[in-house]
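The following report goes through one protein model, from its overall dimensions to selected residues. It begins with a term on which several of the later statements rest.

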Amino acid sequence: MRLNLKSVEERVRPLGGRSHYDREFIFELLAAYGRSSSNITRLRNGSLNVADDSSTEVAQKNVIYFKETTDELLAVIDELRGAPTVVRYNTRFVVVTDYEELLAVDTKTNDSLAIPISDIHKHFTFFLPWAGMEKAQYVAEAHADVKAAERMAKLFDELLALNPELNTTMLGRHALNVFFTRLLFCFFAEDTGIFKDGQFTGAVGTLTQSDGSDVSQFLTDLFAALDTAELADKPTHLAGFPYVNGRLFTVEEHHAVPAFNKKARDLLLESGRLLWNEINPDIFGSMFQAVVTPGQRSDLGQHYTSVPNILKTIEPLFVDGLKEQFDAAFDSRPKLEALLRRVAQIKVFDPACGSGNFLVIAYKELRKLEHAILERLQVLQGDKFTFNLLGSRVNVEHFYGLEIDDFAVEVAILSLWIAKHQMNVEFREKFGIDLPLIPLRESGSVHQGNAITRDWNEVCPNTGAEEIYVIGNPPYLGSRNQTFEHKRDLQTVTPRYKSLDYVSAWFIKGGEYIRGTKAELALVSTNSVTQGEQVGLLWPDVLSDDLEIGYAYTSFRWTNQAKNAAGVTCVVVGVRNKGDAPKFIFTDDLRHEVRRINPYLADGPDIRIGRRSKPLSSVLPRLGYGSMPNDGGNLILTDGQRDTLLSHWPEASRFVRGFSGSDEFIKGKSRWCLVISDDDLKIALGIDEIAARLEKVREHRAKSTERSTRALAETPHRFYFFGHQDTNSVVIPSTSSERREYIPIGYLDGQTVVSNLANAAYGAAPWLFALVTSRIHMAWTRAVSGQLETRLRYSATIVYNNFPVPPLSAAAKEQLTETALRVLDVREYHSEKTLAELYDPGLMPDDLRLAHQELDELVDAVYRKHGFDSDEERLSYLFGMYEQMTAEEKRK
């Protein structure tokens, strides 16, 4: 059952404010979020309960691990959240309660909840993922990461003002980036036990002058001491600092420490007093990259943890499979040890790694799994287990990155070290054995370079036999937004560089990298690469005859920087060498096993939808472009201009008609145009205002670089293209918000000219309106249309002309007409609202929604008697029809 936010709130409300709670609470809570009654019955009777102790615990794979207890709740949940069974079953929420207080942890986001159980209704949003609604975790202004970034930004600005020469050369900029990376490590180290508590900030505060004059020299000496292994070789006053190594403090001539003044010294000390142990390596890299990157400073405090989105990439790619292997090996020591060996050999490569978010999450997931395996082995082996605790087998050196930005590379390496330290702390808490971070034995496998022009095998060698997973979130950039440099990069990998999105390069290079090997690929991308003409341009090169899409997340919103940013609509596409492994499509976080996945991310044949000049389905009438003036705005009138014209020259009314494109049609705006026939031109020129406008049209066209436009300068009264017919028309806007369930399609009378920003089927019967406004047509549109920014872009040649429609009997057309008129009648009932208001998902009237649902059911039945349960089924059926109809067309 799919629920919206309001219905979830209403369903959870009765659970709050009770005087007594018992075991039934958890079943009622799950039901409130849409779990089926049969599912809950099986969970209650034990057939679905995978908990270790069914007398006090309730657990379902991927959903919940619930425990009732009289012990201290915090200690219980801390122990339970990393327990082997929780890891084994990929548990989303861990919940413990004594039926007075309730504690919960979201294992994907690490969010936690601690409330009186009677207040559960006040916190219903915490468990929204159960209802298929992920939460956007914005970092609050008070969060440690934000405070630290803001403080460091002030220090950065002050040091740049004192040392302007550092910003004039690449070496100088690099030196400043390295300096800040070292500061970040020192701040983190003194708050997390790597250094002594407060050791770094205390040394700067005690051993330097208050005016900051000697801070630069002190830090230069300190960094050298951190790179000195022998205690005897360090200055006496720095002998207490440990040896770090790992290239972080390697002394190089150009790594100069900037000069300080009193203000800079004070800012450094203030930064050091923050609680750096609260810094989250999952997100702090992006935060600090904004500190030193011009134009990104305004984003401070507006980043959020997109861990659930990152997991969309790595879980189906390899984490889920590893957990399934863990589940199968749970009671077998040899199988568990074999899994440990496999985990130790896995390599992860992000060829657009930025500040390392994807690599950090992947590293932590493998370490968590390793810990769970070790805990299980400890249970199975008892005293013979200790040989497994010599250290982690998950090697930071197996996490490879390629990134063009110099500072991001340094921060990515630092983020991985911090993540390693945090997981070492977890290791110590679980097994009582300390795995010190320093001296750093790894120098990191993250490299600076252009991922499009660099040979990936130079960064992460792929021998063909190794288990390598390529992941990431490469830059998008539609073809129109690319610079000359971007086009030049793309040209190195594809001859179709002029039309492809920038992210295409990563799919093309990724396909080449994994082809014929054990490596697999999963990338986040804008959904434009799986829509419209991009499909035919990109995917034949990527897949060829030997690769396949193994899994995909269909469109979802990814807003990974600013709270108020529009964000982008993304997909995740997993590519691998062809094989027999199951294939999965994820929609709204629900997993569907399918036979095949085509580049439109549908369960259908591997086809490419190209442009067609006429409809594939003979039943469909022609859908044409609207009329294009190409007039410099002089044939078009606003309300005020129309009124002025008609007040002075009432006889001009014969030349004035309504003019409507997507924006006017959807938002209820009004514009007007001049429509002048050749026969009426002499009369129109007798009206001074019209004559002046036509002269401006002539001047505008005469200046054009296009020969066809210049040719029309001599007939300025004519539209550049005039497709209007004096009859009613079904109008389909050329662009529409992707938020809408339905594109607002409708009718216009013959007196209104449809602009080139909409499509029109002149003289079409109402049954066509029913077909094109149906859910099945919306599913087709979302799959095959292109996009303008994030909006749907409707094209007659790609969407409409390729839309498969079965033969329609007269009776079917009559039924479709009745449902179409019902929708139009309901719209008329709400005539005070614009189509934008009527089709806003949050404002759509119930009676209009019901009318559309009835229409959808009827149209579905036209295609298949028993209808469809999902858009995925609709698309699969449509692609099958398309394949059959085009094959029949070729045979004729």
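A residue is called buried when its relative accessible area is under 20%, exposed when that area is over 50%, and partly exposed in between. By this criterion tyrosine 99 is buried, because its relative accessible area is 17%. The model is a predicted one, and the values below are computed from it.

**Overall form**

The chain contains 31 helices and 27 strands, and its C-alpha trace spans about 100 × 70 × 60 Å along the principal axes. For 892 residues a compact globule would have a radius of gyration near 29 Å, and the 32 Å of the chain agrees with this. Buried residues make up 58% of the 892 residues. Among the contacts with a separation of 6 or more, 71% are between residues 24 or more positions apart.

**Nonpolar cores and helix H8**

The largest nonpolar core has 216 residues, of which Phe185, Phe200 and Leu219 touch the most other members. Helix H15 (residues 406–431) contributes the largest share of this core, with 13 residues. A second, separate core comprises 34 residues, among them Ile40, Leu43, Ala104 and Leu128.

Phenylalanine 200 belongs to helix H8 (residues 199–207), in which Gln199, Phe200, Thr201, Ala203 and Val204 are buried. The cover over the buried residues of H8 includes helix H7 (170–191), helix H9 (215–226) and helix H10 (262–272). When neighbours within four places in sequence are left aside, phenylalanine 200 is in contact with Leu183, Cys186, Phe187, Glu190, Phe195, Leu219, Leu222, Phe241 and Leu268.

**Cysteines**

One of these contacts of phenylalanine 200 is Cys186, a residue that counts as buried because its relative accessibility is 0%. How many disulfides does the structure hold? It holds zero. Cysteine 460 is accordingly in no disulfide, and the nearest cysteine sulfur, that of cysteine 353, is 12 Å away, whereas a disulfide would need the two sulfur atoms within 2.5 Å. Cysteine 460 is also buried, with a relative accessible area of 0%.

**Strands and turns**

Strand E1 (residues 57–60) is covered on both faces, with Glu57 and Ala59 buried on one side and Val58 and Gln60 buried on the other. Four bridges join E1 to strand E2 (residues 64–68), and the two strands run antiparallel; within this pairing, the bridge partner of glutamate 57 is lysine 67 in E2. E1 and E2 form a hairpin with three residues between them, and asparagine 62 in the turn has a positive phi of about 70°. Tyrosine 99 likewise has a phi near 70°, a positive value in a residue other than glycine, and its place is in the loop between strand E3 (93–97) and strand E4 (101–106).

Further along the chain, four strands form an open sheet of mixed pairing in the order E18-E20-E19-E24. Its edge strands, each pairing on one side only, are E18 (636–637) and E24 (752–754). Strand E19 (residues 656–660) and strand E20 (residues 672–674) pair in the antiparallel sense over three bridges, and valine 656 stands opposite leucine 674 in E20.

**Residues in loops**

The table sets out the accessibility of four residues that lie in loops between strands.

| Residue | Loop between | Relative accessibility | Class |
|---|---|---|---|
| Asparagine 62 | E1 and E2 | 48% | partly exposed |
| Tyrosine 99 | E3 and E4 | 17% | buried |
| Asparagine 598 | E16 and E17 | 0% | buried |
| Leucine 620 | E16 and E17 | 7% | buried |

Asparagine 598 lies in the loop between strand E16 (590–594) and strand E17 (624–625), and a polar atom of its side chain is 3.1 Å from the backbone oxygen of proline 605. Not counting residues up to four places away in sequence, asparagine 598 touches Ile549, Gly604, Pro605, Asp606 and Phe879.

Leucine 620 also lies in the loop between E16 and E17. Its contacts, with neighbours within four places in sequence left aside, are Pro615, Leu768, Leu771, Tyr800, Phe803 and Val805. The C-alpha atom of leucine 620 is separated by 44 Å from that of serine 37, and the two residues are 583 residues apart along the chain.

How values were computed: Residues are numbered from 1 along each chain as its sequence is written. This is a predicted model: local features need pLDDT of at least 70, side-chain atom pairs count only at pLDDT 80 or more; totals for chains, interfaces and linings use all residues. Side-chain values use heavy atoms; hydrogens and water are left out. Buried means under 20% relative accessible area, exposed over 50%, partly exposed in between (1.4 Å probe, protein chains only). Two strands pair if DSSP finds at least two bridges between them. A polar contact is a pair of N or O atoms within 3.5 Å; within protein, one must be able to donate a hydrogen and the other to accept it, and residues adjacent in sequence count only if both atoms are side-chain atoms. Contact means heavy atoms within 4.5 Å. A nonpolar core is a set of buried Ala, Val, Leu, Ile, Met, Phe, Trp, Tyr and Cys residues joined through side-chain atoms within 4.5 Å. The radius of gyration is taken over C-alpha atoms; the globule rule is 2.2 Å times the number of residues to the power 0.38.
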